[in-house]
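Here is my note on the model you sent. The points are numbered for reply.

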Amino acid sequence: MTTRQTRRPGSGRSAAPRALAAVLLLALAAGCSASDPGADDGIEGVATGSADEGGGGEHAHHEAELTELYSGYWDALVALENSGELDPSLFDGIAASQVAEQELTRVRSYAEAGLHRSGEPRVGNVTVTVDGEAARVESCVSEEDWPMVDGETVLPDVIPEELRAPHPHGVTATLTEEGSWLIDGTLPAEEATLSCP
């Protein structure tokens, strides 16, 4: 994925206040993460059990769809944060409007300050749990290779340590009337059932 840079408003400003603002924003968004470096190949994961044990092949089909949806979700997040362009259409067919708005709101402040991110995070140990028309997808994410950038300058140590280390991230999804899955929420870190090494 190529990184597009945004213009820096107020180029006479010091990077320190921007970096501090970014730290605060990222600390508040500790539950949010990113994309698989091999996102084009799909995210590798482990499917877990379901309350609907009679699903058979249909259950496996839903797990595959949800893994692909999750990969698309993180592709959208990386595109959003790397470009700095607040484009809600990135989430079309992937996430409900309230989830898209939540992500846009989270990124808006540092995007407007001319900051963006570069690279991609690492996502692994993806687990999918399907219960009828509801699902939960969790993974371990490391943002070590996804730094904050001001212009072309990487801002070291702006991403908090708890986000650089592998940490759990999760989303919920619902099966729509059209028969496709849509991410309808993000899970607080404390609700994660996954342990990350």
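1. First, a term. A cavity here is a set of grid points where a 1.4 Å probe fits but cannot get out. The model is predicted, and by this rule the count of cavities of 30 Å³ or more comes to one.

2. How much space lies in the largest cavity? About 40 Å³. Ten residues line this cavity. Lying nearest its centre are H169, G170, L187, P188 and A192. By class, the lining has five nonpolar, three polar and two charged residues. Strand β7, residues 167-175, gives the most to this lining, with three residues.

3. Overall make-up. The protein has four helices and eight strands. From the N terminus on, the order is α-β-α-α-β-β-β-β-β-α-β-β. Of the 197 residues, 45% count as buried. Take the contacts between residues at least 6 apart in sequence: 73% of them join residues at least 24 apart.

4. Helix α2 deserves its own point. The helix covers residues 57-83, 27 residues in total. From first C-alpha to last, α2 reaches 39 Å, close to the 39 Å expected at 1.5 Å a residue. What follows α2? The next residue is G84, with a positive phi near 75 degrees.

5. The largest nonpolar core has 35 residues. L66, Y73, F91, W181 and I183 touch the most other members. Elements that each supply at least two residues of this core include α2, α3 (97-112), β3 (122-131), β4 (134-142), β7 and β8 (181-187). Which element gives the most to this core? That is α2, with eight residues.

6. L66 is worth a look on screen. Set aside neighbours within four places in sequence. L66 is then in contact with V128, V130, A135, V137, A173 and W181. L66 and W181 are also both among the core members that touch the most others.

7. Now W181. The residue sits in strand β8. Is W181 buried or exposed? W181 counts as buried because its relative accessibility is 5%, and buried means under 20%. W181 also pairs distant parts of the sequence: H62 is 119 residues away along the chain, yet the two C-alpha atoms are 8.4 Å apart in space.

8. To close, three items to check against the display. One is the cavity of about 40 Å³, with H169 and G170 among the residues nearest its centre. Another is the span of α2, 39 Å from first C-alpha to last. The last is the contact of L66 with W181.

Key: Residues are numbered from 1 along each chain as its sequence is written. This is a predicted model: local features need pLDDT of at least 70, side-chain atom pairs count only at pLDDT 80 or more; totals for chains, interfaces and linings use all residues. Side-chain values use heavy atoms; hydrogens and water are left out. The expected span of a helix is 1.5 Å times one less than its number of residues. On a 1 Å grid over the protein atoms alone, a cavity is a set of points where a 1.4 Å probe fits but cannot get out, and a pocket is an open set with protein on both sides within 12 Å along at least five of seven lines; lining residues have an atom within 4 Å of a point. Grid points are joined across faces, edges and corners, and a volume is the space filled by probe spheres set on the points. Ala, Val, Leu, Ile, Met, Phe, Trp, Tyr, Cys and Pro count as nonpolar, Asp, Glu, Lys and Arg as charged, and the others, Gly among them, as polar. A nonpolar core is a set of buried Ala, Val, Leu, Ile, Met, Phe, Trp, Tyr and Cys residues joined through side-chain atoms within 4.5 Å. Buried means under 20% relative accessible area, exposed over 50%, partly exposed in between (1.4 Å probe, protein chains only). Contact means heavy atoms within 4.5 Å.
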